[in-house]
Amino acid sequence: MLKISELKTEYRQNPIGLDVAKPRFSWILKSDRNDTVQCSYSIIVKGADGIVWDSGKVENSQSVLSVYSGLMLKPRTRYNVTVAVHDNHGESAAAEGWFETGLMSCDNRKASWITHGYEDKVEACPVYVREFDLSGKVKAARVYASALGVYELEMNGRKAGDAFLAPGWTSYHTRVQYQTYDITDMMGETNQVVITSANGWFAGEFGFAGGVSHYGSRTAVWAQIEIDYEDGHTDTIVTDSGWQYGSGPRRYAEIYHGEVIDHNIPVKIEGNAIAFDYPISVLTAQESESVRITERLKPAARMITPKGEVVYDFGQNLTGIIEARLNCPKGTKVVLGHAEVLDKEGNFYTENLRSARAEDTFICAGEGEETFLPAFTFHGFRYIRVEGLSDKREEDCFTACVLHTDMEAAGHFQCSNEAVNRLQQNIRWGQRGNFLDIPTDCPQRDERLGWTGDAQVFASTAAYNYNTALFFTKWLRDLKAEQTLEHGVPHVIPNILSNIEGAAAWSDAAAIIPWEMYQAYGDIRLLADQYDSMRDWVEYIRSKAGESHLWQTGHQYADWLALDNEPASRVGATDPYLVATAYYAYSTDLTARAAKVLGKTEDAALYAKLHDDIVSAFRKEYITETGRMVSETQTGCVLALHFDLAKPEHRERIFQSLTVNLANHNNHLTTGFVGTPYLCHVLSNNGSHETAGTVFLKHDYPSWLYCVDMGATTIWERWDSMKKDGSFDESGMNSFNHYAYGSVGSWMYQKLGGLQIEEPGYKKSRIAPVPIKGITCAEASVRTVYGELSCKWECTDHRMTVDIVVPCNTTATVCLPGKEEFLVGSGSYHYEYQTELELEYERYSMESTLGEILDNPVAMEILRQHAPGIADNPMIQFALEQSISQLTALMPEGSAQLFAMVIKTCNDAEKTN
Ligand code: BGC
């Protein structure tokens with residue numbers, strides 16, 4: 001049987017407040033028969049006055065992002081959508097949904113911006129109030145609202161909608177989102193609407209360089225209430241000087257510093273609101289999903305630290321706010337501090353937050369149980385420190401509310417290795433914590449900016465875990481709005497840093513992310529809308545590189561935080577201008593490809609030629625005539641191979657350099673933000689998948705699993721954010737929730753899980769799991785725009801079983817280990833066969849370092865017995881870094897047997913664990 005399991009308009013089910021002139025419809029087909037392909041579809045869209053679009057029978061298989069092409073849509077109107085389809089088995093199905101337009105054009109925005117009569121720098125959050133009566137029986141009521149700042153709207157004492165930190169952060173000079181709320185069920189005979197606002201990103205303290213009021217020193221709000229009555233008439237209530245302003249219980253709110261809520265202070269009206277001069281043309285309907293509370297966590301533990309502080313542990317580093325339910329005497333003041341980690345003594349540690357105070361204060365009115373929930377701040381934390389409560393246990397008082405853009409969950413990855421599963425969880429939590437309206441670098445310190453480089457390296461992984469189409473659509477529009485031909489693309493979007501010139505790998509987000517989104521969702525409109533931005537970014541670099549085709553000027557972050565520079569610095573050892581030219585080539589290539597997809601043939605040829613020129617220049621400058629990289633770092637080699645910059649005959653040698661470099665580091669990575677995302681891909685794609693597996697499964701520093709073993713619950717900014725002894729990187733830049741190194745996620749999904757995109761949007765996928773030693777089974781799934789794609793495999797006793805699911809209306813190339821590839825249509829398939837594969841692995845080998853082995857308590861014990869004094873040996877530091885095979889070569893006879901015994905015992909202990 002064929003059915004349509006889901007019908008969406010612009011990626012959303014039954015959205016309200018949509019301001020898209022030609023919305024697109026997508027549906028997911030489900031069938032119990034294999035090889036199902038849609039043969040035809042028809043779409044009918046009806047408004048109140050009848051049909052506005054009948055697509056007729058369209059004979060093709062398009063089921064994703066089919067563009068509306070009927071009559072012009074009216075504002076504030078509900079449209080019903082019916083989709084009917086036929087498939088190749090002669091079956092048919094239909095589904096209904098609807099969407100409701102927003103205000104659409106400026107003509108329908110009747111409200112004006114209003115502000116308060118306080119000084120600019122008022123601390124208490126301004127409140128705006130308006131009362132009104134109804135003039136009939138309500139059919140439907142909507143509020144369209146926004147703020148220059150952040151706001152919350154209450155109708156008759158209840159919060160409208162469930163969004164936090166609306167209207168979100170955009171390039172406010174040119175774009176401010178407005179939200180639409182359905183308030184039909186909140187109306188009474190007489191009504192009171194209250195809007196509370198705070199500085200937020202608009203006027204608050206923001207940016208690591210300090211500074212307030214990046215967009216303006218005064219906040220303002222804007223709202224239009226439209227009440228449609230059963231009898232056909234409408235009341236419109238708009239923000240104007242008829243509203244009153246004052247302040248209430250929210251006494252202070254800054255995103256970095258937290259909020260003060262005093263329940264003893266009721267709303268006090270001061271006078272009439274004042275008209276505020278700001279264009280309403282900047283308003284645009286909400287473009288991505290809202291920031292919402294998506295999960296609530298109770299504390300996992302309560303403790304008194306050595307310093308005597310009361311600390312609660314939520315067991316997970318997260319981004320959000322604490323809800324407190326307090327039952328305390330009047331005037332009780334409870335202060336909550338937020339921290340990501342405890343220091344090695346077990347004390348609450350906030351040094352890494354730098355100037356962000358991250359502190360919420362709740363003052364009780366003493367009238368039974370009172371609920372406090374900050375609205376205009378967020379914190380990155382796992383622990384809270386509680387001051388001001390009597391020392392009785394208060395476990396039930398506190399709930400951590402997880403906040404982020406409420407994207408649809410898309411992917412799942414799990415395997416037989418628990419440490420890897422935790423890593424996957426950490427990657428997801430990193431994304432949740434940092435996809436808070438914009439892609440931030442971190443959620444805790446005085447930064448939380450839309451760093452382009454971080455977003456760029458993580459975009460592919462992000463699209464596996466969650467549906468990021470709308471999230472990036474919105475942010476890329478801001479990127480485009482902030483970009484200039486003269487300065488390129490700023491390093492943070494929205495930009496609040498002073499005008500600095502574009503930098504490689506960071507500003508390249510302009511070209512890379514639209515391409516990644518096009519791949520993941522097949523969204524041509526997004527690609528078309530961003531095309532000028534892609535091209536202009538390339539043109540900016542061209543203006544710097546000129547005829548040389550080498551980008552060798554300006555400030556570069558290069559392989560940020562790589563470990564290979566001496567003396568250690570934030571910029572790794574890879575030549576920054578090699579990185580810059582490599583990315584110049586990559587962005588130019590993507591622009592050429594985008595031009596081709598969009599039918600811009602001239603541009604396609606122009607940028608393909610430019611790409612060839614850049615590649616030739618790169619070869620001349622950075623690869624010797626005999627095929628040796630000038631910067632023989634891991635990242636240098638990775639970029640040359642991944643971006644296909646070397647002559648075919650030189651690839652082998654560059655790959656050799658990479659593997660030798662890795663071997664010299666005992667198969668540890670030394671890469672930073674730029675090399676890390678591609679390292680495992682390059683190893684796997686060039687015949688060393690096994691080495692990729694070894695690097696990936698390393699437990700000792702530096703590695704992904706080192707952080708897991710150290711108790712990380714999110715991805716860290718640095719490979720050594722926390723050192724082995726529990727101390728921290730104290731350089732002034734250390735976050736425990738930075739997602740860049742989580743970019744290995746795309747390799748996990750693509751190689752271990754086997755899910756790859758062959759045609760944009762997964763219209764055709766490639767299912768090609770490639771196991772590694774140490775993982776005996778894995779399962780991955782992605783909710784693609786066509787439906788669920790999944791692959792689950794297990795290999796035990798040389799028997800391989802694989803189960804795959806291919807969504808309707810798509811096909812997949814299947815390439816199973818040791819088998820010839822073949823093509824399948826939609827459906828579920830099971831395969832089972834004998835294989836030579838040997839996936840059992842021993843965690844410790846002669847190639848392990850002594851340091852790695854001594855981390856295992858069992859090993860330490862044996863060595864103490866057989867080689868007493870080893871830990872005090874002055875050579876120990878040197879020895880710790882050597883592999884066992886190197887050590888046995890240096891040490892007197894007998895050590896080989898001793899170490900072999902140690903390794904065996906450690907591996908046996910591992911198996912019984
Ligand atoms: C951020 C990074 C960012 C970098 C630029 C840092 O302060 O936290 O993640 O990309 O600056 O190099």
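Is E10 buried or exposed? Let's start there. The model on the screen is a predicted one, by the way. E10 sits in the loop between β1, residues 2-9, and β2, residues 24-31. You might want to guess from the loop alone, but look at the number: its relative accessibility is 6%, and buried means under 20%, so E10 counts as buried. What is E10 in contact with, once we leave aside its neighbours within four places in sequence? The list is L18, V20, K22, P23, R24, L470 and R525. So click on L470 and R525 when you get a moment, and see them beside E10.

Okay, another glutamate. E226 lies in strand β15, which covers residues 220-229. Its relative accessibility is 2%, so this one counts as buried too. Its side chain and the side chain of Q224 are joined by a polar contact of 2.8 Å. And if we don't count residues up to four places away in sequence, E226 touches R76, K110, A140, A141, R142, Y144, T234, D235 and T236.

Staying with strands for a second: F314 is in β25, residues 310-326. F314 has a relative accessible area of 4%, so again we call it buried. How far apart are F314 and T399 in space, C-alpha to C-alpha? The answer is 8.7 Å, although 85 residues separate them in sequence. T399 is also one of the residues F314 is in contact with, and others include L297, P299, I322, F381 and I384.

Now let's go to a sheet. Five strands make up an open sheet, and the order across it is β33-β38-β39-β40-β43, with antiparallel pairing. Which strands are at the edges? Those are β33, residues 411-415, and β43, residues 827-834, and each of them pairs on one side only. If you ignore direction, neighbouring strands here are turned by 5° against each other on average. There's also a helix packing on this sheet: α14, residues 745-752, touches β33, β38 and β39, and its direction makes about 70° with that of β33.

Let's zoom in on the pairs. β33 and β38, which is residues 777-784, pair in the antiparallel sense over five bridges. You can pick out C415 standing opposite A778, and Q414 with E779 as its bridge partner. Here's a handy thing to remember when you look at strands: in a regular strand, side chains alternate between the two faces of the sheet.

Moving one strand along, β38 is joined to β39 by eight bridges, and those two run antiparallel as well. How many residues lie between β38 and β39? Two, and the pair forms a hairpin. Find T784 and you'll see G787 of β39 opposite.

There's another hairpin to show you, made of β36 and β37, and this one has four residues between its strands. In the turn, G761 has a positive phi of about 75°. Four bridges join β36, residues 755-759, to β37, residues 764-767, and the two run antiparallel. One of the bridge pairs is Q756 with R766.

Time for a helix. α10 runs over residues 648-664, so count along with me on the screen: it has 17 residues. From its first C-alpha to its last it reaches 25 Å, close to the 24 Å expected at 1.5 Å a residue. Which residues of α10 are buried? They are H650, I654, F655, S657, L658, T659, N661 and L662. Keep in mind that an α-helix has 3.6 residues a turn, so residues three or four places apart point the same way. Those buried residues of α10 pack against three other helices: α9 at 634-642, α11 at 676-685 and α12 at 689-696. After the helix comes N666, with a positive phi, near 55°.

Last stop, the ligand. What surrounds it? You'll find D441, R445, E447, W451, D454, W506, Y557, W560, F673, E717, M733 and H738 around it. Let's pick three of these and look at distances to oxygen atoms of the ligand. For D441, an N or O atom in the side chain is 2.7 Å from a ligand oxygen. R445 has a polar side-chain atom 2.6 Å from an oxygen of the ligand. And for H738, a polar side-chain atom lies 2.9 Å from an oxygen atom of the ligand.

That's my tour, thanks for listening!

How values were computed:
Residues are numbered from 1 along each chain as its sequence is written. This is a predicted model: local features need pLDDT of at least 70, side-chain atom pairs count only at pLDDT 80 or more; totals for chains, interfaces and linings use all residues. Side-chain values use heavy atoms; hydrogens and water are left out. The expected span of a helix is 1.5 Å times one less than its number of residues. Buried means under 20% relative accessible area, exposed over 50%, partly exposed in between (1.4 Å probe, protein chains only). Contact means heavy atoms within 4.5 Å. A polar contact is a pair of N or O atoms within 3.5 Å; within protein, one must be able to donate a hydrogen and the other to accept it, and residues adjacent in sequence count only if both atoms are side-chain atoms. Two strands pair if DSSP finds at least two bridges between them. Axes are lines fitted to C-alpha atoms, for helices over the stretch in contact, and angles run from 0 to 180 degrees between N-to-C directions. A residue is near a molecule or strand if one of its heavy atoms lies within 4 Å of it.
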